[in-house]
Every structure is written in structure tokens, then in C-alpha cells.
Amino acid sequence: MSNESDHPDEVGPAGPGAAGRRRPGTDVGTATPTGGLSGRAASRGGRPGAATVLDVDTAKVVVFEFDTGDALAEHAAHHPILVQVIRGRVGFDLPDRSIELAPGEVLHLTPLLRHGVRALEPTTLTVTMLRGSAERG
């Protein structure tokens with residue numbers, strides 16, 4: 001049985017027989033929990049509420065709370081983003097198609113790809129902006 005992770009970007013445990021071998025990874029770094037995501041922002045009459053839950057050099061996470069029918073008009077992000085639905089369902093309008101996202105699904109968008117979002121039911125979702133360590137703001 002291998003002690004290595006099945007994913008190349010993950011570091012597996014040292015496991016039995018690891019004595020004398022260098023452990024992968026580091027003991028120096030930061031772990032920043034965000035706490036609960038739901039209930040951080042309220043819908044604002046047709047538009048979702050938004051709250052930043054994490055803002056570090058390499059990523060920014062914003063939670064959005066939608067009521068049924070709330071929408072974000074077509075827009076684009078300067079950074080690549082990951083959209084993850086926590087609860088509810090949204091329609092995601094892209095230049096070439098519309099898709100529906102449900103809880104547990106993740107959507108990756110490349111920088112500057114136009115998109116719009118509309119809530120099909122009360123929804124909580126997160127948007128993670130992926131940015132380089134030298135970028136900020």
C-alpha cells in the first residue's frame with residue numbers, strides 16, 4: 001500500500017516505516033478557517049447580498065446569499081474564479097450556453113469570461129478568486 005496521495009498536488013502521510021526519511025510538506029504556514037458561510041449577507045431586493053470571508057495574497061473568497069429570482073447581470077472577473085454552490089440552485093449564463101449549478105458542484109471560469117447568475121431558489125454560493133501572491137486588491 002502506497003503512502004502517496006492519488007492526487008499529484010496533495011502530500012500523503014509519512015506512514016509506517018517513515019522514520020529516518022524526510023517528511024513531505026512543511027510545518028510553517030497558515031491555516032485560516034472561515035467559519036459558517038450561510039447567513040453572512042442578506043438579499044438586497046433583487047440582488048444577492050455579498051460578504052468577504054477570506055482575503056489573502058493568493059485568494060479571495062466571497063459568499064453570496066440569493067433569494068429566488070435575485071440576479072447578477074452579465075459581468076466578468078479579472079482573475080480565474082471557482083464558483084461553488086453550498087445550498088440552492090442557480091442558473092449560470094455563459095457566452096455559449098446556460099447551465100444550472102446545484103449543491104456540491106464547482107464551476108471554474110477563466111479570467112474575463114462574461115457571465116450572469118440568477119437564483120432558481122434561495123441559494124448560498126461562494127466565489128473564490130484565484131490570484132498570484134504578488135497581486136492584491
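**View 1. Ala50 and its contacts in strand S1 of the predicted model****.** Apart from its neighbours within four places in sequence, Ala50 touches Ala41, Val62, Val63 and Phe64 in this predicted model. You will find Ala50 in strand S1, which covers residues 49–56. Take Val63 from that contact list: 13 residues separate Ala50 from Val63 in sequence, yet their C-alpha atoms are 5.6 Å apart in space. Is Ala50 buried, exposed or partly exposed? Ala50 has a relative accessibility of 45%. Since buried means under 20% and exposed over 50%, Ala50 counts as partly exposed.

**View 2. A pair of phenylalanine rings, Phe64 and Phe66****.** One aromatic pair turns up when the whole structure is searched. Its members are Phe64 and Phe66, with ring centres 6.4 Å apart and ring planes at 40° to each other. That arrangement is classed as tilted. Both Phe64 and Phe66 are buried. If you have just come from the previous view, Phe64 will be familiar as one of the contacts of Ala50.

**View 3. The five-stranded open sheet, S1-S2-S9-S4-S7****.** Here five strands line up in the order S1-S2-S9-S4-S7, with antiparallel pairing. Which strands stand at the edges? They are S1 and strand S7 (106–109); each has a single partner strand, so one side of each is left without a neighbour in the sheet. On average, neighbouring strands of this sheet are turned by 20° against each other, direction ignored.

**View 4. Strands S4 and S9, paired within the five-stranded sheet****.** Strand S4 takes in residues 81–87 and strand S9 residues 123–130. How many bridges join the two? Six bridges link S4 and S9, in the antiparallel sense. A handy place to start looking is Gln84, which has Thr126 of S9 opposite it.

**View 5. The four-stranded open sheet, S3-S8-S5-S6****.** Four strands make up this sheet, in the order S3-S8-S5-S6, and the pairing is again antiparallel. Strand S3 (71–75) and strand S6 (98–101) are the edge strands; each has a single partner, so one side of each lacks a neighbour in the sheet. Between neighbouring strands of this sheet, the average turn is 20°, direction ignored.

**View 6. Strand S5 with S6 and S8****.** Let us follow S5, residues 90–93, which is joined to S6 by four bridges in an antiparallel run. S5 and S6 form a hairpin, with four residues between the two strands. Which residue of S6 is the bridge partner of Gly91? That partner is Glu100. Further along S5, Asp93 stands opposite Ser98 in S6. S5 also pairs with strand S8 (residues 115–119), over four bridges and in the antiparallel sense. Val90 faces Ala119 of S8 across this pairing.

**View 7. Stepping back to the whole protein****.** How many helices and strands does the protein have? The count is zero helices and nine strands, giving the pattern β-β-β-β-β-β-β-β-β along the sequence. Of its 137 residues, 31% count as buried. The protein exposes about 8,700 Å², and carbon and sulfur atoms supply 52% of that area. Among contacts between residues at least 6 apart in sequence, 62% join residues at least 24 apart.

Methods: Residues are numbered from 1 along each chain as its sequence is written. This is a predicted model: local features need pLDDT of at least 70, side-chain atom pairs count only at pLDDT 80 or more; totals for chains, interfaces and linings use all residues. Side-chain values use heavy atoms; hydrogens and water are left out. Two strands pair if DSSP finds at least two bridges between them. Axes are lines fitted to C-alpha atoms, for helices over the stretch in contact, and angles run from 0 to 180 degrees between N-to-C directions. Rings of Phe, Tyr and Trp (its six-membered ring) pair if their centres lie within 6.5 Å; planes under 30 degrees apart count as stacked, over 60 as edge-to-face and the rest as tilted. Buried means under 20% relative accessible area, exposed over 50%, partly exposed in between (1.4 Å probe, protein chains only). Contact means heavy atoms within 4.5 Å. Accessible areas come from the Shrake-Rupley method with a 1.4 Å probe; for residues, only the protein chains shown count as cover.
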